[in-house]
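Visitor: I have a structure open and would like to go through it with you. Can we start with the strands and move on from there?

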Amino acid sequence: MAILDILEFPDPRLRTRAKKIENVTQKITALADDMLETMYAAPGIGLAASQVNVHQQLIVIDISEDKTQPLVLINPKIVHREGEIESDEGCLSIPGYYEPVVRSEIIQIKALDREGKKFDLQADELLAICIQHEMDHLAGKLFVDYLSNTKRQIIRKKLLKLQKQRT
């Protein structure tokens, strides 16, 4: 397993739409393992393949306190949503920033697991928020897109300044 580089906003590659995974191969399961290791090391609770510059529909999530409940979602699709919930969201691609975002409170999804088997999942609260956040990445969307243009530009400028200082 390996820790992968996470793209940071405003990197234009974060805006790339992920493609559907046609076959769950050993390469895909190895990528899922690397993504889990990367997410745990960051540390975070969710990571989309788009964030590590692999533009395929793959998400890993683990919202458990002890990091023992990894969830791999391949080609996830929301088939039902209800209610609304607002919570502060952060993102490994937008380090250090947390802003309120409104999401569906309960969702039902269809996806493939790491073996390529179809499954359905109903999620609420933090898990629902996390799935929706990561699915946005697969569509080339970031949580800052829910903010005002002014707030988004302030975050963009501050992150660009930090990125220049690191190089």
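Visitor: What is the bridge partner of Cys91 in β4?
Guide: In β4, Cys91 has Ile94 as its bridge partner. Bear in mind that this is a predicted model.

Visitor: How many bridges join β3 to β4, and which way do they run?
Guide: There are 13 bridges between β3 and β4, and the two strands run antiparallel.

Visitor: What order do the strands of the sheet have?
Guide: The order is β1-β2-β3-β4-β5, in an open sheet of 5 strands with antiparallel pairing. β1 and β5 stand at the edges with a single partner strand each, so each has one side without a neighbour in the sheet. On average, neighbouring strands are turned by 40° against each other, direction ignored.

Visitor: And what holds paired strands together, in general?
Guide: Strands of a sheet pair through backbone hydrogen bonds, in a parallel or an antiparallel way.

Visitor: On to the helices. Which strands does α1 touch?
Guide: α1 packs on the sheet and touches β1, β2 and β3, with its direction at about 40° to that of β2. The buried residues of α1 are the ones that pack against β1, β2 and β3.

Visitor: Which residues are buried in α1?
Guide: Ile28, Thr29, Leu31, Ala32, Asp34, Met35, Leu36, Thr38 and Met39 are buried there.

Visitor: Why would residues some places apart point the same way in a helix?
Guide: An α-helix has 3.6 residues a turn, so residues three or four places apart point the same way.

Visitor: What span should α1 have, and what is the distance between its ends?
Guide: At 1.5 Å a residue, the 16 residues of α1 should span 22 Å. The end C-alpha atoms of α1 are 23 Å apart, which agrees.

Visitor: Now α2. Where does it lie on the sheet?
Guide: α2 lies across β1, β2, β3, β4 and β5, and runs at about 115° to β3. Its buried residues pack against β1, β2, β3, β4 and β5.

Visitor: How many residues of α2 are buried?
Guide: 12 of its 14 residues are buried, so "mostly covered" is a fair description of α2, with buried meaning under 20% relative accessible area. Among them are charged-type names you might look for, including Glu134 and Asp136.

Visitor: What about the length of α2?
Guide: Helix α2 covers residues 125–138, and its 14 residues should span 20 Å at 1.5 Å a residue. Its end C-alpha atoms are 20 Å apart, which agrees.

Visitor: What comes just after α2?
Guide: Gly140 does, with a positive phi of about 80°.

Visitor: Change of topic: how many salt bridges are there?
Guide: The count comes to 9 salt bridges. One of them is between the side chains of Arg166 and Glu8, at 2.7 Å, N to O. Arg166 lies in helix α3 (residues 149–166) and Glu8 in the segment before α1, so this pair ties together parts that are 158 residues apart in sequence.

Visitor: Is that pair buried or exposed?
Guide: One of each. Arg166 is exposed, with a relative accessible area of 54%, whereas Glu8 is buried, at 18%.

Visitor: What does Lys110 form a salt bridge with?
Guide: Asp120, with the closest N and O atoms 3.1 Å apart. Lys110 lies in strand β4 (residues 94–112) and Asp120 in strand β5 (residues 118–124), so the pair ties together parts that are 10 residues apart in sequence. Lys110 is partly exposed at 43% relative accessibility, and Asp120 is exposed at 55%.

Visitor: Which residues are linked in a network of salt bridges?
Guide: Asp33, Arg114 and Glu115 are linked that way. For Glu115 and Arg114, the closest N and O atoms are 3.9 Å apart. Glu115 counts as exposed at 51% relative accessibility, while Arg114 is partly exposed at 25%.

Visitor: And where does Asp33 lie?
Guide: Asp33 lies in helix α1, residues 26–41. Asp33 is partly exposed, with a relative accessible area of 22%.

Visitor: Which residues is Asp33 in contact with, leaving aside its neighbours within four places in sequence?
Guide: Met1 and Arg114. The C-alpha atoms of Asp33 and Met1 are separated by 6.5 Å, although the two residues are 32 residues apart along the chain.

Methods:
Residues numbered from 1 in each chain as written. Predicted model: local features only at pLDDT ≥ 70, side-chain atom pairs only at ≥ 80, totals over all residues. Heavy atoms only, no water. Helix = DSSP H or I, 4+ residues; strand = E, 2+ residues; numbered from the N terminus. Buried < 20%, exposed > 50% of the residue type's maximum accessible area, 1.4 Å probe, protein only. Contact = heavy atoms within 4.5 Å. Salt bridge = Lys/Arg side-chain N within 4 Å of Asp/Glu carboxyl O. Expected span 1.5 Å × (residues − 1). Pairing = 2+ DSSP bridges. Axes fitted to C-alpha atoms, helices over the stretch in contact; angles between N-to-C directions.
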